[in-house]
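Me: I would like a close look at a single part of this model. Please keep the sentences short and go into detail.

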Amino acid sequence: MAQGYVITRKIKEPTRGSRYFFSGFARGFIINAKGELVKKPGYFYDYDKINGQLLLKPYGQPIVAASKTDVQSFTLYDRQQNAFVFERVPAIDTQKYVQVLSLGLKYKLYKLINTHFVSANYRDDGIDKEGNKYDEFVDEGTYYLLNVENNQLQKFSPKIKSLKTVFEKDGDKLDKFIALHPSDNISDVYLASLGEFMNN
């Protein structure tokens with residue numbers, strides 16, 4: 001084999017991840033810009049994580065994108081009837097909806113999902129192999145805490161040190177929650193439970 005000659009194999013695996021929140025359309029409802037509940041029988045929904053569009057699929061009809069100015073928030077249900085709430089929060093992002101992890105009278109926890117596409121980049125030069133044989137949609141979550149009392153919005157990372165910073169005024173209560181969950185990973189479920197605990 002001539003020096004510097006590279007073989008790039010074209011074998012490709014199925015794409016991983018998705019640009020959409022669900023793999024298919026789901027049941028749900030909308031809160032419009034006037035704060036009114038809009039729940040239409042026969043309508044299904046999904047959220048495009050890349051362009052921030054709420055997609056509507058009326059039964060037997062083409063998919064349409066809801067106007068962002070007409071939708072304040074929306075809720076989607078998975079097959080287990082778990083609810084996922086998204087809300088417009090311009091202070092976080094003017095183009096995308098943010099996922100609501102917890103709502104309360106003291107604190108609100110949000111997650112902004114940024115999704116980007118990574119093309120397959122597998123290379124095999126006969127000696128070394130590197131890269132992936134699959135395209136992938138990769139999610140990156142950015143977390144925010146809103147203090148309802150003073151309307152202060154703070155970005156935080158899902159780490160104990162960062163949580164102690166944003167919940168500084170309720171540090172004792174945070175310590176109690178951490179003590180109750182000593183070995184839990186700080187996932188979205190953990191943060192949702194934390195928000196509920198801190199609001200009670």
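Are Phe21 and Phe22 buried or exposed? Start there, and follow the surroundings outward.

Reply: Both Phe21 and Phe22 are buried. Keep in mind throughout that this is a predicted model.

Take Phe22 by itself. Its relative accessible area is 15%. The cut-off for buried is under 20%, so Phe22 counts as buried.

Now the rings. The whole structure holds 15 aromatic pairs. Phe21 and Phe22 make one of them: the ring centres are 5.1 Å apart and the planes stand at 65°. That angle makes the pair edge-to-face, because planes over 60 degrees apart count as such.

Phe22 also pairs with Phe84. Here the centres lie 5.8 Å apart and the planes meet at 85°, so this pair is edge-to-face too. Phe22 sits in the loop between strand E1 (13–16) and strand E2 (27–32), while Phe84 belongs to strand E8. The pair therefore ties together parts that are 62 residues apart in sequence.

These rings belong to a wider group. One aromatic cluster is formed by Phe21, Phe22, Tyr47, Phe74, Phe84, Phe86 and Tyr97.

Next, the strand that carries Thr75. Thr75 is in strand E7, which spans 71–77. Thr75 is buried, because its relative accessible area is 7%. Set aside its neighbours within four places in sequence, and Thr75 is in contact with two runs of residues. One is Arg27, Gly28 and Phe29. The other is Ala83, Phe84 and Val85. Phe84 thus appears both as a contact of Thr75 and as a ring partner of Phe22.

Phe22 also lines open space. The second largest pocket holds about 200 Å³. Its lining runs through Phe22, Ser23, Gly24, Phe25, Ala26 and Arg27, and then Tyr77, Asp78, Arg79 and Gln81. By class, that lining has 4 nonpolar, 3 polar and 3 charged residues.

Gln81 deserves a stop. Gln81 lies in the loop between E7 and E8. Its phi is positive, about 70°, although Gln81 is not a glycine. Gln81 is exposed, because its relative accessible area is 55% and the cut-off is over 50%. Asn151 offers a second case of positive phi in a residue other than glycine, with a value near 60°. Asn151 is found in the loop between E13 and strand E14 (152–156). Asn151 is exposed as well, with a relative accessible area of 60%.

Strand E8 leads on to the largest pocket. E8 (83–87), strand E9 (98–102) and H3 each supply at least two residues of its lining. The space in this pocket is about 240 Å³. It has 13 lining residues, and the closest to its centre are Ala83, Gln99, Val100, Leu101 and Ala192. The lining divides into 8 nonpolar, 4 polar and 1 charged residues. Ala83 is also among the contacts of Thr75.

H3 opens the way to the nonpolar cores. The largest nonpolar core has 16 residues. Those with the most contacts inside this core are Leu109, Phe156, Leu163, Phe167, Leu191 and Leu194. Two or more residues each come from strand E10 (107–118), strand E13 (134–147), helix H1 (160–166), helix H2 (171–180) and helix H3 (188–199). H3 gives the most, with 4 residues. Leu194 shows how the packing works out. Leaving aside neighbours within four places in sequence, Leu194 is in contact with Leu163, Phe167, Leu174 and Phe177.

Another core lies apart from the largest one. It has 15 residues, among them Ala26, Ile30, Tyr47 and Tyr97. This brings us back to the start. Tyr47 and Tyr97 are members of the aromatic cluster that includes Phe21 and Phe22. Ala26 lines the second largest pocket, as does Phe22. As a general point, nonpolar side chains tend to be buried together in soluble globular proteins.

One last space involves Tyr97. A search of the whole structure finds 1 cavity of 30 Å³ or more. The volume of the largest cavity is about 30 Å³. Lys68, Arg88, Thr94, Gln95, Lys96 and Tyr97 line this cavity. By class, the lining has 1 nonpolar, 2 polar and 3 charged residues.

Definitions and conventions:
Residues numbered from 1 in each chain as written. Predicted model: local features only at pLDDT ≥ 70, side-chain atom pairs only at ≥ 80, totals over all residues. Heavy atoms only, no water. Core = buried A, V, L, I, M, F, W, Y, C linked by side-chain atoms within 4.5 Å. Buried < 20%, exposed > 50% of the residue type's maximum accessible area, 1.4 Å probe, protein only. Contact = heavy atoms within 4.5 Å. 1 Å grid on protein atoms, 1.4 Å probe; cavity = no way out; pocket = protein on both sides within 12 Å on 5 of 7 lines; lining within 4 Å. Points joined across faces, edges and corners; volume = space filled by probe spheres on them. Nonpolar A, V, L, I, M, F, W, Y, C, P; charged D, E, K, R; others polar. Phe/Tyr/Trp six-rings, centres within 6.5 Å; stacked < 30°, edge-to-face > 60°.
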